[in-house]
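User: I am new to reading protein structures and would like to understand the words people use for them. Could we go through this one together?

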Amino acid sequence: MTQELVIKGGMVATAEAVFMADIAVSSGKIAAIGDGLVGAEVIDATGKLVLPGGIESHCHLAQESSTGMMTADGYESGSISAAFGGNTTIIPFAAQLKGQPISAVLPTYDARAATSVLDYGYHLIVSDTSVPNFREDMLAVFDRGVTSFKVFLTYDIRLSDDQLLDVLEIGRDAGALTMVHAENNAMIDRLRAEYGAEGKLTPPYHTLSRPEQAEAEAISRAIRLARFAGAPLFIVHVSSVDGLAEIAAARAKGQALHAETCPQYLFLTDEALSRPEGGKYICSPPLRSATTQAALWQGLQTGVLDMSSSDHAPYRYDETGKLANGGDDFRKIANGMPGIELRLPLMFQAVHDGRLTLQQFVAMISSNAARIFGLQGRKGTIAPGADADLAIWDPNLSWTVKHGDMHDAMDYTPFEGKELTGKPETMIQRGHIIVADGQLVAAPGDGDFLHRARFGGGNGADPGDQSEF
Ligand code: URP
Ligand code: ZN
Ligand code: ZN
């Protein structure tokens, strides 16, 4: 039988196995995997890896920060940059502004996302639980296939413990996953005030004002509140040794708990904030020590951390972004770093260096996000019936990161000059080539909205073991 498209002779890598095979694509889906497949169109993948396209499940596009600054990347430049970086799916945030009815959030982001080149979903950001019809409107958001939402325990949009319990219970009852940015606000406020009073305002004080114990306390509290509520929980951007230990302990006890870290915590340390343009490296939680970095690698290797997401939060290093308030007070510099195009190449470097297996790499850049965020069977795998979302990857290409070669709307990358081996060569989304020969083939708007399944696959949550600890 002649298929529409066959990718021939590549080494196929999924989270489960690595094997030589041809892949046939028909009507946007994987139709067959085997030897000697025949296609009307053929891509020769000899010497290449064929991977499920990356799922970028933590990125900020066309989104106002908690202080109201718009990201430099919208859905068009952000999704194009993601595609060049090996991704075929993005799940950015749709953020409720304080006082805004929940029902107004998705329509705002539907308009912003209309130019996405990649398939996309959203996580809702909940900033204000006091708005009218909060619960009913949250349920309507989940019905629309937005089945995860993020809350903060710091910044002005933070929730109290009581409010966190409220949203955990709503998520539990509706099969929606609560994601939490866990840092203790009181500790941070105190340190910021102290450093401010002493005139200690350079970027390194950003890290010092957000110590690991602030993160670990909030992670511990969120885990215990989720356990009390019987609700599933996802901890974003983990970057603390004690926080990681809390996650490992709770997971060992069977709690429905997932967590990510990000390449910046794995490849950069707090030394970066002392560089001449240290503000470029301000993000929260902040960059940490080499000791913490080693613990995070171990967390990934042992599966305590499910994935490495970019937390692409693009604010340019100019007066439209990080320098908008002068740049001489770390408290007034926008938090966040870009990274959507380099996440996969950075994580693949860990395969090249022998830190991760190829299967672990696929799990943490794609398959685990599909499983946790309601896309299993459709995205994040190479199997008959799944969307033909593929990255044909050159594992041997050595190259140097230069922001000038990238596709975002930023003016810097924190990884400038880094030497990497391995790069996506051809990207395929639902059977269509979207990147080839260094060129974008897709058009803005080619991405489809993804209606994601409930957490655990059904209507109810999977709260795991509820015994005390
Ligand atoms: O500093 C960061 N990570 N900014 C982006 C927003 C967030 O908290 O993830
Ligand atoms: Zn966050
Ligand atoms: Zn983020």
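**The zinc site and the pockets**

Analyst: Gladly! With angles of 89 to 125° among its four donor atoms, the zinc ion (ligand 3) has a tetrahedral site. Keep in mind that this is a predicted model.

User: Why is the site of the zinc ion (ligand 3) called tetrahedral?

Analyst: Four donors count as tetrahedral if all angles lie between 85 and 135 degrees. Here the four donor atoms make angles of 89 to 125°, so the site fits that rule and is tetrahedral.

User: What makes His58, His60 and Asp311 count as donors of the zinc ion (ligand 3)?

Analyst: A donor is an N, O or S atom within 2.8 Å of this kind of metal. His58 and His60 each offer NE2, Asp311 offers OD, and they coordinate the zinc ion (ligand 3) at 2.0 to 2.1 Å. Those distances lie within the cut-off, so the atoms count as donors. Along the chain, the donors follow the spacing H-x1-H-x250-D.

User: What makes His58 and Asp311 a pair that ties together separate parts of the chain?

Analyst: Look at where each one sits. His58 lies in strand β6 (residues 54-59), while Asp311 is in the loop between β14 (307-308) and α11 (343-352), so the pair ties together parts that are 253 residues apart in sequence.

User: How do you know whether His58 and Asp311 are buried or exposed?

Analyst: Buried means under 20% relative accessible area. His58 has 0%, and Asp311 has 8%. Both values are under the cut-off, so both residues are buried.

User: Now the largest pocket: what is its volume, and which residues are closest to its centre?

Analyst: The largest pocket has a volume of about 810 Å³. Of its 43 lining residues, Ser65, Ser66, Thr67, Tyr155 and Asn335 are the closest to the centre. The largest share of this lining, four residues, comes from α5.

User: How do you know which class Ser65 and Tyr155 belong to?

Analyst: Tyr is on the list of nonpolar residues, whereas Ser is on neither the nonpolar nor the charged list and so counts as polar. By class, the lining of the largest pocket has 15 nonpolar, 17 polar and 11 charged residues.

User: And what lines the second largest pocket?

Analyst: The second largest pocket holds about 270 Å³ of space. Its lining has 18 residues, with Phe84, Glu341, His407, Lys423 and Pro424 nearest its centre. Two or more residues come from each of α1 (75-84), β15 (390-400) and β16 (419-429). By class, this lining has 10 nonpolar, three polar and five charged residues.

Definitions and conventions: Residues are numbered from 1 along each chain as its sequence is written. Chains are lettered from A and ligands numbered from 1 in the order in which they are written. This is a predicted model: local features need pLDDT of at least 70, side-chain atom pairs count only at pLDDT 80 or more; totals for chains, interfaces and linings use all residues. Side-chain values use heavy atoms; hydrogens and water are left out. Donors are N, O and S atoms within 2.8 Å of the metal (3.2 Å for Na, K and Ca); water is not among the atoms, so sites may look incomplete. Four donors count as tetrahedral if all angles lie between 85 and 135 degrees; four count as square planar and six as octahedral if opposite donors are over 155 degrees apart and all others between 65 and 115; anything else is irregular. Buried means under 20% relative accessible area, exposed over 50%, partly exposed in between (1.4 Å probe, protein chains only). On a 1 Å grid over the protein atoms alone, a cavity is a set of points where a 1.4 Å probe fits but cannot get out, and a pocket is an open set with protein on both sides within 12 Å along at least five of seven lines; lining residues have an atom within 4 Å of a point. Grid points are joined across faces, edges and corners, and a volume is the space filled by probe spheres set on the points.
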